[in-house]
Amino acid sequence: MRYLLVLSTDPLDAPPASDVLQRFTVDLIHAGVLLAGELLAGDGLLVELRTDGPCRIADAPTTAASACALWIVQTSDRAEAVEWARRLPLDRGRVEVRRIVGGAAAEA
């Protein structure tokens, strides 16, 4: 099964050190579970589209938590994906684990 791991932190906190995230990514690669992984710009432009209203454009996310990295992993089950999320060596922030369903990769 494929899972999306999204790391979010408080916008007022310093982002996690890139070397910490790099080591985690290397661990995922060595385990053979990483399908994709990216760091997200904290200072990038946010474009929020709503199906029921106008588009909002801001200099940065205004939510309580700001996504700063993501990984897509292939694991045998949810428990394994959660275990990988727990291995992130962070002292603050949160990791959302979401199962990916459908798509071209799922059909293959």
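**Group meeting talk: the rings around F24**

Hi everyone, let me start with a charge and a ring. R87 lies over the face of W84, 4.1 Å from the ring centre. Please keep in mind that this is a predicted model.

From W84, let's move to the aromatic pairs. How many does a search of the whole structure find? The search turns up two. In one of them, F24 meets W71 edge-to-face, with 4.9 Å centre to centre and 80 degrees between the planes. This pair links distant parts of the chain, since F24 is in helix α1, residues 18-31, and W71 is in strand β5, residues 66-74, 47 residues apart. Are these two rings buried or exposed? F24 has 2% relative accessibility, so F24 counts as buried. W71 also comes out at 2%, so W71 counts as buried too.

F24 and W84 form an aromatic pair as well, again edge-to-face, at 6.4 Å centre to centre and with 70 degrees between the planes. Here too, distant parts of the chain are linked: F24 sits in helix α1 and W84 in helix α2, residues 78-86, 60 residues apart. Both F24 and W84 are buried. Put the ring pairs together and you have a cluster of F24, W71 and W84.

Now the nonpolar core. The largest one has 15 residues, and those with the most contacts inside it are L5, F24, L28, W71 and V73. Which elements give two or more residues to this core? They are β1 (2-9), α1, β5 and α2. The largest share, four residues, comes from β5.

L5 is worth a look on your screens. Leaving out residues up to four places away in sequence, L5 touches a list of residues that includes F24, W71 and W84, and also A69, L70, V73, A81 and A85. V95, E96 and V97 are on that list as well.

Let's turn to helix α1. At 1.5 Å a residue, its 14 residues should span 20 Å, and the end C-alpha atoms are 20 Å apart, so the two agree. Which residues of α1 are buried? They are V20, L21, F24, T25 and L28. These residues cover an arc of only 135 degrees around the axis, so they are on the same side of α1. On the other side of α1, I29 and H30 are exposed. And what covers the buried residues of α1? The cover includes β1, β2 (34-39), β5 and α2. Just after α1, G32 takes a positive phi of about 75 degrees.

A word on T25, which is found in helix α1. Why does T25 count as buried? Its relative accessibility is 18%, and the cut-off for buried is under 20%. Not counting residues up to four places away in sequence, T25 touches L34 and W71.

One last stop, D10, which lies in the loop between β1 and α1. With 34% relative accessibility, D10 counts as partly exposed. D10 and S66 are 56 residues apart along the chain, and their C-alpha atoms are separated by 6.1 Å.

If you take one picture away, take F24: a residue of helix α1, in a ring cluster with W71 and W84, and among the residues with the most contacts inside the largest nonpolar core. Thanks, everyone!

Terms used:
Residues numbered from 1 in each chain as written. Predicted model: local features only at pLDDT ≥ 70, side-chain atom pairs only at ≥ 80, totals over all residues. Heavy atoms only, no water. Phe/Tyr/Trp six-rings, centres within 6.5 Å; stacked < 30°, edge-to-face > 60°. Buried < 20%, exposed > 50% of the residue type's maximum accessible area, 1.4 Å probe, protein only. Lys NZ or Arg CZ within 6 Å of the ring centre and 35° of its normal. Core = buried A, V, L, I, M, F, W, Y, C linked by side-chain atoms within 4.5 Å. Contact = heavy atoms within 4.5 Å. Expected span 1.5 Å × (residues − 1). Arc of directions from axis to C-beta.
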